[in-house]
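Subject: A structure for you to look at

Hi,

Here's the structure I promised to pass on. Have a look at it first, then read my notes below.

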Amino acid sequence: MNHKNFSLKELAELAEGEITGNAELLISGFAPLETAGDGDISFLVKAGQADKLSGFKGCAVIVPMAIEEAPVPIIRVQDPYLASARIHTLLLKKPFVAEGVHERAWVGESTKMPEQISVAPLASIGERVNIGERVTIESGVVVGNDVHIGDDTLLKANVTIAEGCRIGKRVIIHSGTVIGSDGYGYATDNKGYHTKRPQVGIVQIDDDVEIGANSCVDRAAYGATRIKSGTKIDNLVQIAHNVVLGENCLIVSQVGISGSTTLGRNVVLGGQAGITGHITLGDGVMVGAQSGVHNNQQPGAMIGGSPSLPMKQFVRAAIQYGKLPEMARDLRKLKKELAELRAEKEHSNNSE
Amino acid sequence: MNHKNFSLKELAELAEGEITGNAELLISGFAPLETAGDGDISFLVKAGQADKLSGFKGCAVIVPMAIEEAPVPIIRVQDPYLASARIHTLLLKKPFVAEGVHERAWVGESTKMPEQISVAPLASIGERVNIGERVTIESGVVVGNDVHIGDDTLLKANVTIAEGCRIGKRVIIHSGTVIGSDGYGYATDNKGYHTKRPQVGIVQIDDDVEIGANSCVDRAAYGATRIKSGTKIDNLVQIAHNVVLGENCLIVSQVGISGSTTLGRNVVLGGQAGITGHITLGDGVMVGAQSGVHNNQQPGAMIGGSPSLPMKQFVRAAIQYGKLPEMARDLRKLKKELAELRAEKEHSNNSE
Amino acid sequence: MNHKNFSLKELAELAEGEITGNAELLISGFAPLETAGDGDISFLVKAGQADKLSGFKGCAVIVPMAIEEAPVPIIRVQDPYLASARIHTLLLKKPFVAEGVHERAWVGESTKMPEQISVAPLASIGERVNIGERVTIESGVVVGNDVHIGDDTLLKANVTIAEGCRIGKRVIIHSGTVIGSDGYGYATDNKGYHTKRPQVGIVQIDDDVEIGANSCVDRAAYGATRIKSGTKIDNLVQIAHNVVLGENCLIVSQVGISGSTTLGRNVVLGGQAGITGHITLGDGVMVGAQSGVHNNQQPGAMIGGSPSLPMKQFVRAAIQYGKLPEMARDLRKLKKELAELRAEKEHSNNSE
């Protein structure tokens, strides 16, 4: 491999960890415990699984602080999951290689390309596009007119960025995703015909956002649909017009967010959840998978269900849901018993 | 801008509205109240928000009939939402500019192009395709053999229209959408192997239909999957084989409609709703978001929930759902109390 | 048509059926009962619908065993649905016509093409790709570096196969589908920033798999996301990283399967169902549409609802759900009656 080697010491510094063992050991790769080999560092998430280290064939292991020693060199860290992500990323990192604009790509005449750029064959880039340094554009990508793309951004195969949209730095957009499709807005007359409301806004995606495959972010009716920095969106997600997603949100696969809804920062939406339009979810709100959210949510709220409830209430209600047939039976029985008791009582009253 | 100017009088006629103010005023653009400037007309949906007009920097405002006068010229209309959609559309309208077939597009030899056409670089059009006047085909679009496309239709970047499908006039299909993928149909033998059932039908999309991004409309097993005129479909929607959608339906994002289901006209399906196969929803049926519909529905039915119920019943049931833990507790308590009462009664009977 | 003709006898052998009528009759096509004409064979699924045969204008009909004679030649079979799928497929079958690599396609220099291949204009194939015989690659397809594609596989327009993924033989992938997008995995620090976990695995798709349009199969974090032979996936489905789907599963439209979940063979997931991560569904599990599955499931389990329950329990609970307002009313009434009864009792006790 072309991977650069790093000393255990360098990696421990990156991970803010403590070394037990040879700090000068050279590491060239990263692999799970089971498959690690020569030159590899691996990781162990839970101290209770320390027995997994026996038979380990790699060089070193990132471990939680609770493990104080091991049969192999270790880096002890607060969060092995996070530390291993950082170290693995460093080990994989390669310098940008500018492949230039392939002669089988098409670029509008008025678009100026930076020095450091890779545009693959059969990518199409419109007029007056503004492209940063070290951008990679794969085959089949279509970039519309007047788009802005920041430094170090990666557009995977068959992505579409429609006219006028603005993409930040270090953004990754996976294949098939569409940025800047028209928002869904119509006005209906009294005969039931729909007139399209023009969608003249844009999409603005800030730095360090990642968007999965075959997702959609609609352009605003006016102004901008906005995805703030550090937010990570999964596959097949729908973001409607004029939605604003705060910083560092996590939007899991197949979520749908309706128009003009605003999310604070670090909001987490579980898979297939649906969020109605024109509401606000405060910072740190967590929404369970398949939930349906219809109301504003206070910062930190944890909710689930469709329509959504506070998570604890939802979990308790869901347990009772399965017992509904039993409850219905109990209720019928109680009615009958009570009626009997009243009848008896009636009878005994009458006979008194 | 190249926008044509219109007099307030011309716009009022289009919107069937009444002017208060200078009817000869020239309007060149459309913008929301907050951002309107020189030459712009804006709109106000609710009479109760008339105070928003103070500080308005545009030229004129479309208002509801209930507002009789204002500090600026107004067009009074029955439905400001609809009127503004019509006026905005008129103001944005540009004559079709035929850019021809780009030399970097590919067109099958047997396909004849009309005079008035725009085919972008890296679009691919098959053999024997029949294309109307003033059609726009963006980059990355793939049109299969024997497709028919009507006048004034717009296919956005990376759309796929598979072989034999028929697209009407003034249709808009957004990026990434696939028209004419095979329907999902298999016959399973007694060992559990699936044999594909050939899907030899087409998709027929009528005039004035709009389909969002990354949606799918499957071709029929035999005959045609059909989307009738004026229907508007959002992003990431699944339309299975042999579905028929009536005129002017609204199908919101992430809806799935299973095979051979028929919708009447002006049916509205809320986001993420799922409709089972081989059923019929009558004209004007309204289905709530995330609903699951398993049965035929009479015209005008309003339903919600999964499995779906009449909307009012669903709303009431959903409220009780959250109270289930409480109901279960009450029920346990009642059982206990009733048992005590019976025991007492028993005892007092025995002791009599 | 160019279709080859087959005798009724040949078709009956394929379908393991018995002929009543002229076994030498030549059949050239397949059509539904209503539209069948000269040379066509058709099929009838249920014996009770035998009256549909009157007025039939085709040549012969595939019927269930229970029909012993008919006014037209028949092939009697155990499963007309399966038999017709096999016969229709045979009748449609054409020899592969190698159209070669179109000069407007792009193929990496190090990729060697087999003799028998069709690569359409504006398809893009990377470096070191290994392609089998009789593969068809349509326009707009992007195949990344180091991909392996087996014999007789068909990639429809605008499909993306990302670097390193392995596709088996006789696989069909419909338009817009993305194979090998990065899995969704991040580690979050105590300030709420997300660090991407590198996704260095691949996707491996085995023989005879079919995947619908605009679906996504994410590459593994390490190792492989795996779809085993004969599994059929519908449109807009999400398969997360490190998922394993067993042989001959049926995954209906808009299903989402979270990371590291394993399905046995012949598992059926209804439309819009969601399956949580890191669980196992045994062979033959059936999951209802829109279900939410959070736990391991034994082979053969039939489940429904969100969160899911055993199917029978779910159906019963769903019926009661609609009656919740009534149950709540009954419960209130019972409480009141019981309180009255107790009060009376109390009173009579005191007065004794």
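Let's start with a pair of helices. In this predicted model, helix α4 (residues 324–351) of chain A packs against helix α4 (residues 324–351) of chain C at an angle of about 30°, and their axes are 11 Å apart. Angles under 35 degrees count as roughly parallel, so α4(A) is roughly parallel to α4(C). The crossing of α4(A) past α4(C) is left-handed.

Which residues meet there? On the α4(A) side you'll find A:A328, A:L331, A:L334, A:K335, A:L338, A:L341, A:R342 and A:K345. Facing them in α4(C) are C:M327, C:D330, C:L331, C:L334, C:E337, C:L338 and C:L341. If you sort the residues of this helix contact by class, you get 10 nonpolar, no polar and five charged.

Now zoom out to the whole contact between chains A and C. Chain A puts in 49 residues and chain C puts in 48 residues. On the chain A side, the elements that give two or more residues are α2 (80–92), α3 (311–322) and α4. Which of them gives the most? That's α4(A), with 10 residues. By class, the side of chain A that touches chain C has 20 nonpolar, 20 polar and nine charged residues.

Next, the contact between chains B and A. Here 51 residues come from chain B and 48 residues from chain A. On the chain B side, α2 (80–92), α3 (311–322) and α4 (324–351) each supply at least two residues. The largest share of that side comes from α4(B), again with 10 residues. Sorted by class, the side of chain B that touches chain A has 21 nonpolar, 20 polar and 10 charged residues.

Last, how are the chains arranged? In general, a rotation about an axis and a shift along it relate two copies of a chain. To lay chain A on chain C, you need a turn of 120° and a shift of 0.0 Å along the axis, and the RMSD is then 0.1 Å. These two copies are therefore related as by a three-fold rotation axis. For laying chain B on chain A, the turn is 120° with a shift of 0.1 Å along the axis, and the RMSD is 0.1 Å.

If you open the model yourself, try finding α4 in chain A and in chain C, where the two helices pack at about 30°.

Cheers

Notes. Residues numbered from 1 in each chain as written. Chains lettered and ligands numbered in written order. Predicted model: local features only at pLDDT ≥ 70, side-chain atom pairs only at ≥ 80, totals over all residues. Least-squares fit on C-alpha atoms with pLDDT ≥ 70 in both. Axes fitted to C-alpha atoms, helices over the stretch in contact; angles between N-to-C directions. Helix = DSSP H or I, 4+ residues; strand = E, 2+ residues; numbered from the N terminus. Parallel < 35°, antiparallel > 145°, perpendicular 65-115°, else oblique. Left-handed = near helix turned anticlockwise from the far one by under 90°. Contact = placed C-beta atoms within 7 Å. Nonpolar A, V, L, I, M, F, W, Y, C, P; charged D, E, K, R; others polar.
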